Amino acid sequence: MPSVNNPALATGSAATPLPAAGTLGQQLAARVAERIQRGGLSAGARLPSVREGARLHGVSPSTVVAAYDQLQAQGLVEARRQRGFFVRESPAATRSAAAAVARPAVGLAAPVDATALIRGMFHRNTDASGPGMGTLPEAWLDQALLDRALRQTLGRPARRGVASANASAGATANTSAGDALRYGDPAGDASLRRAMAQRLGGELGITAQASQLVTTIGATHALDLVARTLLQPGDAVLVDEPGWAVEFARLTQMGMRLLPVPRGTDGPDLAVMAALLAAHRPRLYVTVSVLHNPTGQSLSLAAAHQILKLAEAHGLTIVEDDTYGWLAPAHAPRLSALDGLQRTIYITGFSKILAPAWRVGLLAAAPALAERLIDSKLLGTLTTPALLERAVAWCLDNGLLRRHAERVVQLLDAARLRVVRLAQANGCRFVAPPQGLFGWVDTGVDTEPLAARLAAQGWLVAPGRLFLAEPRPTTLMRLNFASAQDARFWQAFDSVRQALGGQPVR
């Protein structure tokens with residue numbers, strides 16, 4: 001494989017050798033990013049053309065395109081129409097302007113609980129690069145893809161260069177006037193359920209018929225449907241700790257007893273889980289098995305088998321939340337694949353990969369349970385919006401969602417390398433190996449006052465206490481790798497951390 005440790009860009013200075021980790025595109029992007037941050041490439045400098053960059057570094061043009069895409073996502077370079085790629089003004093030079101424009105005029109509310117964190121995410125003045133966000137940056141999303149999908153679904157002419165719908169699949173038929181005036185199918189749009197049944201079986205190894213799938217208003221709605229169908233106030237529920245703050249809050253509000261199971265790098269603590277099962281006879285275990293929120297870890301195959309054995313022995317139903325599945329390798333063990341949806345319910349959604357406003361989710365369950373869940377759905381929402389569901393199906397059928405996800409994963413890999421360096425340079429230690437969208441870091445100081453002070457400066461962060469079933473002070477914090485690349489945040493973080501007693505790292 002060729003190396004990108006070749007002659008330097010434009011200015012001709014020798015480059016610092018890079019670690020071998022990452023693809024060639026990631027290595028090249030990291031190399032250029034380092035030169036920009038050192039001042040080796042000044043604001044306004046023009047980068048070599050794609051063809052010239054490929055020649056200089058001995059790589060393919062597609063590698064240079066991938067690197068430039070990553071640099072754009074990091075906000076380091078910009079593309080100027082018919083002129084090429086140029087270095088953007090550096091953070092140091094724009095700090096004063098950024099404070100007046102990019103930073104909110106007033107601080108955000110401190111994220112003291114799950115609701116406050118969510119409200120902060122919806123705040124108009126929240127910077128899109130807030131490290132506490134649970135979503136991808138807007139620059140990474142594909143507005144053109146969403147527009148085309150809606151045009152196709154509405155039966156309007158797609159723009160030039162857009163693939164036509166796969167009529168033979170029968171999955172993306174245009175919405176007729178009659179469809180728009182009726183209730184949709186209570187189970188959800190048939191085209192999306194067929195497309196997802198194919199993905200589950202073909203890519204994830206989860207065998208399910210379309211009749212076993214039920215669409216929802218996002219994965220959060222799916223989790224709520226399951227809880228309302230299978231639980232009664234006072235029931236015990238196993239949850240991962242750390243885990244998702246919103247799920248903790250919702251189950252608690254419904255009157256459930258949370259039984260936290262410590263989450264490690266391979267999965268839950270099986271000894272603790274077995275003891276809780278024997279002592280409390282919980283009805284459900286709610287878990288994110290792949291790219292867990294907030295640690296980023298995935299179940300090992302051995303742990304998955306042990307969990308299913310415990311579930312069989314104790315009559316436990318497992319709710320597998322695969323919200324981040326589009327960012328993970330398809331071969332990552334899914335409990336639902338190993339179990340065949342006998343004691344598992346599989347849940348996923350599309351808002352994390354397509355756009356937060358595209359509230360389309362889906363669950364898969366055993367046939368009889370799927371019918372019960374449809375009944376609960378009818379009582380709560382009647383049906384779900386068929387228009388968005390058909391648009392998602394079109395993206396699936398034409399391979400466009402897969403292609404978009406591959407691009408996002410490439411950007412995320414590059415962002416993660418950068419954020420790991422920034423976090424470690426500012427006194428953070430990763431508790432779990434960095435993977436996926438989120439990192440779980442030890443800051444060395446109580447992250448509740450840390451979050452409050454940063455919120456006052458307009459930076460939304462996610463303190464660790466929000467991810468504990470029984471909130472308590474902790475030095476841990478969740479980082480969003482995609483949105484924690486702004487050097488201004490780390491400057492503010494370092495200042496607040498030291499003010500709270502953290503040791504200087506420089």
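Leaving aside residues up to four places away in sequence, L454 touches W459, V461, F489, A492, F493 and V496. This leucine, in a model that is predicted, belongs to helix α17, which spans residues 447-456. L454 counts as buried because its relative accessibility is 0%, where the limit for that class is under 20%. Along the chain, L454 and S495 are 41 residues apart, yet their C-alpha atoms are separated by 9.8 Å.

Four of the names in that contact list, F489, A492, F493 and V496, lead to helix α18, where each of these residues is buried. Helix α18 covers residues 487-499 and has 13 residues. From its first C-alpha to its last, α18 reaches 19 Å, close to the 18 Å expected at 1.5 Å a residue. Its buried residues also include R488, W490, D494 and R497, so charged side chains are found among them under the usual grouping of Asp and Arg as charged. An α-helix has 3.6 residues a turn, so residues three or four places apart point the same way. After α18 comes G501, with a positive phi near 105°.

W490 of α18 has contacts of its own. Beyond the residues up to four places away in sequence, W490 touches V419, L422, A423, N426, C428, L479 and A484. Both W490 and L454 are among the residues that touch the most other members of the largest nonpolar core, together with F350, L354 and L396. That core has 71 residues, and helix α16, residues 400-425, supplies the largest share, 11 residues. Apart from this core lies another, of 29 residues, which includes L230, L258, L363 and A370. In soluble globular proteins, nonpolar side chains tend to be buried together.

L396, already named as a member of the largest core, also takes part in a packing of two helices. Helix α8, residues 190-204, and helix α15, residues 386-397, pack at an angle of about 35°, and their axes are 8 Å apart. The crossing of α8 past α15 is left-handed. On the α8 side, the residues are S191, L192, A195, M196 and R199; on the α15 side, they are E389, R390, V392, A393, L396 and D397. By type, the residues of this contact divide into six nonpolar, one polar and four charged.

The loop that leads from α14 (367-381) to α15 contains L382. L382 has a positive phi of about 65°, although it is not a glycine. With a relative accessible area of 40%, L382 is partly exposed. A positive phi is also found at R281, near 50°, again in a residue other than glycine. R281 occupies the loop between α11 (270-280) and β6, and it is exposed, with a relative accessible area of 68%.

Two cis peptide bonds can be described alongside these loops. One runs from E241 to P242, with omega near 5°, and P242 is placed in the loop between β4 (236-241) and α10 (245-253). Another joins N293 and P294, with omega about 20°. P294 is in the loop between β6 (284-287) and α12 (301-314).

A further loop, between β12 (462-463) and β13 (476-480), holds T475. T475 is partly exposed, at a relative accessible area of 27%. Without its neighbours within four places in sequence, T475 is in contact with V441, D442, T443, G444, V445, D446 and T447. The last of these, T447, falls at the start of helix α17, residues 447-456, the helix that also contains L454. T475 and L450 are 25 residues apart in sequence and 9.3 Å apart in space, C-alpha to C-alpha.

The chain as a whole gives the setting for these details. Its secondary structure comes to 18 helices and 13 strands. Of its 506 residues, 53% are buried. Among contacts with a separation of 6 or more, 72% are between residues 24 or more positions apart.

Terms used:
Residues numbered from 1 in each chain as written. Predicted model: local features only at pLDDT ≥ 70, side-chain atom pairs only at ≥ 80, totals over all residues. Heavy atoms only, no water. Axes fitted to C-alpha atoms, helices over the stretch in contact; angles between N-to-C directions. Left-handed = near helix turned anticlockwise from the far one by under 90°. Contact = heavy atoms within 4.5 Å. Expected span 1.5 Å × (residues − 1). Buried < 20%, exposed > 50% of the residue type's maximum accessible area, 1.4 Å probe, protein only. Core = buried A, V, L, I, M, F, W, Y, C linked by side-chain atoms within 4.5 Å.
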